[in-house]
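Subject: Structure handover

Hello,

Here is the structure you are taking over. Some notes on what was found in it follow below.

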Amino acid sequence: MTSDIPDYGKTFALMREGCVEQWQAYIQHDFVKGLADGSLPEEAFIHYMVQDYVYLIHYARAWALGVVKAESSEEMRLCAATVDSLINQELSLHVETCAAQGIDESSLFNAKEELETIAYTRYVLDSGLQGDFLDLILALAPCAFGYGEVGMRLKGSLYDGHPYEKWIKIYAGEEFQNVCVEVGRLVDLAIATRVGDNPTASPRWNKMQERFTKATELEANFWTMGLRAGK
Ligand SMILES: Cc1ncc(C[n+]2csc(CCO)c2C)c(N)n1
């Protein structure tokens, strides 16, 4: 890596460049700044974690739709593995963090959804329902790439007793960074097999960029929703 932009593949580099303004609004959001220096109020963090649990449930449903829409055994396997790890592993940070605040898992599962949560998750699901596998995967991708980039950036912000150390270490960690690289490979492969080696020349490119950009905007909106708690 020659810059501070992580290497999650060719599509990530192109798409990120195609929506730099929205991308910066996402990864340098005030919520992220508050996570970095530890100044984010705990109330906002918990509000965000509850909504993020709900988000992850729908996000897992969207990856399950990827199993339905896959057009190769490799795509199908990767999507199925992601559904499994989301449901059986990745939700545990949310369950544990919220349990410490007296919120049990059934309250999380049944939490009232904020409009930003509905907008983002249903946009992703509809991308897969309305479109093909590629449409779906492009709406899913900013989630992984953005948190991967945020995690990398925030690694240097840790200090002894940092309130959000656990969160930062998960997203900065090798395991999660590998997930981003894997998602990058899946997106690159999905594009190569459907639109070829020169995707920006494809008539589909603008629509593809639009999906990625919209999901990026919905990510920034999701942080803003998190900040609203207690105000
Ligand atoms: C709103 C929101 N966006 C992204 C993530 C990060 N994330 C959740 S699951 C996962 C793995 C991707 O396969 C990633 C990167 C989040 N937690 N919440």
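Two helices whose axes make an angle under 35 degrees count as roughly parallel, over 145 as roughly antiparallel, 65 to 115 as roughly perpendicular, and the rest as oblique. By that scale, α9 and α12, which pack at an angle of about 40°, are therefore oblique to each other.

Please keep in mind that this is a predicted model. The chain has a mean pLDDT of 95, with 98% of its residues at 70 or more. The scores for the model are ipTM 0.94 and pTM 0.96.

Most of these notes concern helix α9, residues 133–154, and its contacts with other helices.

α9 and α12
The axes of α9 and α12 lie 8 Å apart, and the crossing of this pair is right-handed. On the α9 side, the contact is made by L134, D135, L138, A139, A141, P142, C143 and G146. They meet M208, R211, F212, A215, T216 and E219 in α12. Sorted by class, the residues of this contact are nine nonpolar, two polar and three charged.

α8 and α9
Helix α8 covers residues 115–130, and its axis comes within 7 Å of that of α9, crossing at roughly 160°. These two helices are therefore roughly antiparallel to each other. Their crossing is left-handed. From α8, the residues Y123, V124, S127 and G128 meet D135, L136, A139 and L140 of α9. Five residues of this contact are nonpolar, two are polar and one is charged. D135 and A139 of α9 thus appear in the contact with α8 and also in the contact with α12.

α9 and α10
Helix α10 spans residues 165–172. Its axis and that of α9 come within 7 Å and cross at roughly 115°, in a left-handed crossing. Here Y147, G148, V150, G151, M152 and L154 of α9 meet I168, Y171 and A172 of α10. This contact has seven nonpolar and two polar residues, and no charged ones.

The ligand
Which residues come nearest to the ligand? Of the 13 residues around the ligand, these are Y55, C143, A144, Y147 and F222. Two of these also take part in the helix contacts described above: C143 meets α12, and Y147 meets α10. At least two residues of the shell come from each of α4 (42–69), α5 (73–90), α9, α11 (174–195) and α12 (205–227). By class, the shell holds nine nonpolar residues, one polar residue and three charged residues.

Regards

Methods. Residues are numbered from 1 along each chain as its sequence is written. This is a predicted model: local features need pLDDT of at least 70, side-chain atom pairs count only at pLDDT 80 or more; totals for chains, interfaces and linings use all residues. Axes are lines fitted to C-alpha atoms, for helices over the stretch in contact, and angles run from 0 to 180 degrees between N-to-C directions. Helices (H or I, at least four residues) and strands (E, at least two) are DSSP runs, numbered from the N terminus. A crossing is left-handed if the near helix is turned anticlockwise from the far one by less than a right angle, and right-handed if clockwise. Two residues are in contact if their C-beta atoms, placed from the backbone, lie within 7 Å. Ala, Val, Leu, Ile, Met, Phe, Trp, Tyr, Cys and Pro count as nonpolar, Asp, Glu, Lys and Arg as charged, and the others, Gly among them, as polar. A residue is near a molecule or strand if its C-beta atom, placed from the backbone, lies within 6 Å of it. pLDDT is the predictor's confidence in each residue, from 0 to 100.
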